[in-house]
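These are my notebook entries on one structure. I record here what I looked up, entry by entry.

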Amino acid sequence: MAPAAETSPFRVVHTVCSHDCPDSCAVLVTVNAEGRAVKVAGDPTQPVTQGFLCAKVAKYLDRVYAPNRVLYPLKRKTGVAKGPLERGREHEAFERVSWEQALSEIAARLQQVSDQYGPESILPYSYAGTIGVLGYGSMDRRFFHRLGGSQLDRTICSEAGGVAWNLVYGKKLGTPTEDFRLAKLIIAWGANIHGNNIHLWPMVEQARRNGARLIVIDPYKTRTAALADWHIAIRPGTDGALALGMMHVILRDGLEDRAYIDEMTHGFDKLAELVRDYTPERVAAWTGMTAAEVAELAREYATTRPAAIRLNYGVQRSENGGTAVRAVAMLPALTGAWKNRGGGAQLSTSGAFAWNRRELERLDLALDSPLGRPARVINMSTLGQALTAKAAEFSHQGSGERPPAGSDVLDGGPAVHALFVYNSNPGAVAPNQNAVRQGMGRDDLFTVVHELFFNDTTDYADYILPATTFLEHTDIHGAYGHYFVQLSNKAIEPPGEARSNVWLFGQLAQYMGFSEACFRDTEEQLIRQALAVGLDGNSTNAGMEHITLEDLKEQGHIPLSFHRAPETDNFLPFASGTVPTPSGKVEFYSATLAARGMDPLPTFFAPTESRWGKDAERFPLEFLSRKADNYMNSTFANLEGHRKMEARTSQRLEMHPADAEMRGIADGDAVQIWNDRGSIKLTALVNGSVPAGVVAARLDWAKFNSEGSNVNALTSERLTDIGAGATFYSALVEVKKL
Ligand SMILES: Nc1nc2c(c(=O)[nH]1)N[C@H]1C(S)=C(S)[C@@H](COP(=O)(O)OP(=O)(O)OC[C@H]3O[C@@H](n4cnc5c(=O)[nH]c(N)nc54)[C@H](O)[C@@H]3O)O[C@H]1N2
Ligand SMILES: Nc1nc2c(c(=O)[nH]1)N[C@H]1C(S)=C(S)[C@@H](COP(=O)(O)OP(=O)(O)OC[C@H]3O[C@@H](n4cnc5c(=O)[nH]c(N)nc54)[C@H](O)[C@@H]3O)O[C@H]1N2
Ligand code: SF4
Ligand SMILES: [Mo]
């Protein structure tokens, strides 16, 4: 008897959602006989995906087959100035060219810029359009290392929190997602689970059915907060104070786990001394809570087992976000919460995936570049300054007078003369938008953008190259919200002439005349390198020893070795044994920070742009420029169906009634929001979603705003205390009725 599948005109292909989301869902794509994808669905056999997709990706075919996708290489027409183009008519500014013409002209121009200003004057700019291991960083890295182009410090999302977590624990590991269902207390701390991490939600629900409580700590009343047992609408940027206050109460009341502290941690006495000052009364004054609430939270946390903290990246987008994440991350080490299955904390699970990045990225190719060394590093969160800075302009002239590395945004190197954007939309997502646009608008800047749609960045491109969706190329994935390695198979042919990141940079290398064999590696070869597969067919990477490409092709997803039987296994990170920090312990006190002249303890300080800052008189409102529930950063915002789902808050400024009334603003009024960096126009939404003194609006394309700017016209290029990350959630503004 022939199985139905053999006669069926449909194929079902295992892919992985490539978007920058902790869930990294296994997506089954149904393809018809004509090779067209007709359905996407969550894989029911993947224990975290559990057979469903978020609302954004459930509509994915709207994106794949969007009528306005960029399908061919395009070149800016002569005489058309760079800058915002009318939505829907962007194509008029460009002419179609062949891939061959585009690649040869781009290669020639990059060569000329390199010869004239030095290769470091070429800046790659990429982030997480795809988080597939190959698409995120492999052939592209090889290409820019060999070229001698600047290195990009990818700080725009998670660097403050990631570095901070690693200072405490040495590795980004956390409570397994599936184990949250065993918790009796879940704290979502700066974590919009329902909006940004929906596959954790069923675990939370299951835990609650078994009697768990959910506490949400977020200044904004998210969908998650609305569903919580207790929503603490903390003031932005004060989480560090709250965590220290909780520690104060825990130690005062003797609720700490002495045995765990003695065995597993470093620097307890110094921490204990620090937290003595953080009385509930003092902490209440920072956070906007009452002293009784601070104490209650501390006691509930320390006396409930298992207690799990879902700490996401919201906390670390503040100027003091690194310190705050360190403080919060220390809580489960003080109470020994790591010892219980279903307890502990999760910021990210990405540290579990030991990809062979050295082989994928080949930094050693920099030695063969015209520089003969690794290039200078530019922080992506200061793109505006990097594109407008002139200070180091002289240095390419070979005077030898380079300022010391790190002393300015150009790291002592030449001004930027070519910008190569892929996997990112800096025209919408980078802070200090006006500076970014001023930079991208320079007519002496050569700009290439590899994209799927005309957006706020392609408006500044000299060339636009068509990119693929995850249905159209092969890749391998880890995750930052679970412990499965997954294979994303190519399900359909790319429409038009769209090509993957791997293909693009492999081809461009040929046009540049780079003869190294690694530029001709296929996706399969790259995947084997990522897995570090030895001659015996097994991986040499810890946790992946049992994972082969062949098995992945068959099974789609395979758990890391320590997580192989999630139903029965006890994977308890940091419960016992050595911790991968310098002291081998969980570090309450960091000698690493002390050696850098930084505070070794998580002492609280208020952000410069907060109600305690010197500009608070002129700009009295704390501005949260948050993510949209129905977009992925700027992705999906151009699709009609997604915009409809987001309509309630789209182009709205959410305000507390007291702040609105004080300014004579009523719900539905047009308002202007401004500070020294810029100004935007939105419509007031006066509701109960933010506490007094805080206003909020969502990330969207600048192009969809009536005056052509988005929330990032108001955010700054100031960097976080630890990790030099972006500070999207530390911005002061004023608002008036128009
Ligand atoms: N639907 C959807 N999902 C997404 C994304 C998206 O744009 N849309 N983006 C993806 C990306 S790139 C990432 S990095 C992850 C991030 O996922 P999250 O870490 O959840 O990211 P955020 O939404 O930035 O922040 C979470 C919450 O922190 C709150 N917050 C802001 N300031 C503070 C503060 O000072 N203290 C506290 N306690 N909370 C604060 C915000 O109001 C927000 O609700 O989500 C991913 N998933
Ligand atoms: N105000 C404010 N600003 C923010 C944030 C915020 O919360 N508030 N969040 C910040 C955070 S956490 C992040 S991670 C960044 C996100 O910044 P980005 O990583 O730039 O994220 P997206 O806006 O999703 O843009 C990704 C782009 O890559 C394209 N793309 C997708 N797949 C591919 C591919 O395979 N190849 C190529 N070449 N392109 C592809 C998409 O079409 C999309 O335009 O934004 C940051 N900016
Ligand atoms: S965006 Fe996140 S939740 Fe949605 S399908 Fe992709 S990985 Fe899953
Ligand atoms: Mo992010």
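**Entry 1: leucine 110**

I began with leucine 110, which has its place in helix α4, residues 99-117. The model is a predicted one, and I keep this in mind throughout. Is leucine 110 buried or exposed? Its relative accessibility is 2%, so leucine 110 counts as buried, the cut-off being under 20%. I then listed its contacts, leaving aside neighbours within four places in sequence: they are Ile122, Phe143, Ala418, Phe420, Phe446 and Met512. I also looked up a pair of residues: leucine 110 and leucine 560 are 450 residues apart in sequence, and their C-alpha atoms are 41 Å apart in space.

**Entry 2: tyrosine 422**

Next I turned to tyrosine 422, which I found in strand β15. Tyrosine 422 is buried, with a relative accessible area of 0%. Neighbours within four places in sequence aside, tyrosine 422 is in contact with a list of residues that includes Pro124, Tyr125, Ser126 and Tyr127. Asp140, Arg141, Phe144 and Arg154 are also among its contacts, as are His450, Asn501 and Phe505. From tyrosine 422 to asparagine 312 I noted 110 residues in sequence and 26 Å in space, C-alpha to C-alpha.

**Entry 3: helix α13 and valine 325**

I then examined helix α13, which covers residues 268-275. Which residues of α13 are buried? They are Phe268, Leu271, Ala272, Leu274 and Val275. Looking down the axis of α13, I see these buried residues within an arc of 160°, so they line one face of the helix. Asp269 and Glu273 are exposed and sit on the face turned away from the buried side. The cover over the buried residues of α13 includes the helices α11 (239-252), α12 (258-264) and α16 (321-335), as well as the strand β11 (265-266).

Since α16 is part of that cover, I looked up one residue in it, valine 325. At 0% relative accessibility, valine 325 counts as buried. Apart from neighbours within four places in sequence, its contacts are Gly161, Ala164, Trp165, Leu311, Val315, Gln316 and Leu347. The C-alpha atoms of valine 325 and tyrosine 278 are separated by 17 Å, and these two residues are 47 apart along the chain.

**Entry 4: phenylalanine 571 and serine 369**

I went on to two residues in loops. Phenylalanine 571 lies in the loop between β20 (557-559) and β21 (586-587). With 14% relative accessibility, phenylalanine 571 counts as buried. Which residue 392 places away in sequence did I compare with phenylalanine 571? It is aspartate 179, at 9.3 Å from C-alpha to C-alpha. Aspartate 179 also appears among the contacts of phenylalanine 571, together with Leu173, Gly174, Pro176, Tyr483 and Phe562, when neighbours within four places in sequence are left aside.

Serine 369 is in the loop between α17 (357-361) and β14 (377-379). Its relative accessible area is 6%, and serine 369 is therefore buried. Outside its neighbours within four places in sequence, serine 369 is in contact with His145, Arg146, Leu147 and Gly148.

**Entry 5: backbone exceptions**

Most residues other than glycine have a negative phi, and most peptide bonds are trans. I therefore searched for departures from this pattern. Aspartate 411 has a positive phi of about 55°, although it is not a glycine. Aspartate 411 lies in the loop between α18 (383-388) and β15 (418-422), and at 11% relative accessibility it counts as buried.

Where is the cis peptide bond that I noted? It joins arginine 305 and proline 306, with omega about -10°. Proline 306 lies in the loop between α15 (291-303) and β12 (307-311).

Serine 24 also has a positive phi, near 30°, and is a residue other than glycine. I found serine 24 in the loop between β1 (11-16) and β2 (26-31). Serine 24 is buried, with a relative accessible area of 2%.

**Entry 6: ligand 3**

Serine 24 led me to ligand 3, as it is one of the residues around that ligand. The others include Cys17, Cys21, Asp23 and Cys25. Leu53, Cys54, Lys56 and Val57 are also around ligand 3, and so are Ile198, His199 and Met632. How many residues of each class form this shell? I recorded eight nonpolar, two polar and two charged residues. Ligand 3 itself sits in the second largest cavity.

Notes: Residues numbered from 1 in each chain as written. Chains lettered and ligands numbered in written order. Predicted model: local features only at pLDDT ≥ 70, side-chain atom pairs only at ≥ 80, totals over all residues. Heavy atoms only, no water. Buried < 20%, exposed > 50% of the residue type's maximum accessible area, 1.4 Å probe, protein only. Helix = DSSP H or I, 4+ residues; strand = E, 2+ residues; numbered from the N terminus. Arc of directions from axis to C-beta. Contact = heavy atoms within 4.5 Å. Near = heavy atom within 4 Å. 1 Å grid on protein atoms, 1.4 Å probe; cavity = no way out; pocket = protein on both sides within 12 Å on 5 of 7 lines; lining within 4 Å. Sits in = over half its atoms within 2 Å of the grid points. Nonpolar A, V, L, I, M, F, W, Y, C, P; charged D, E, K, R; others polar.
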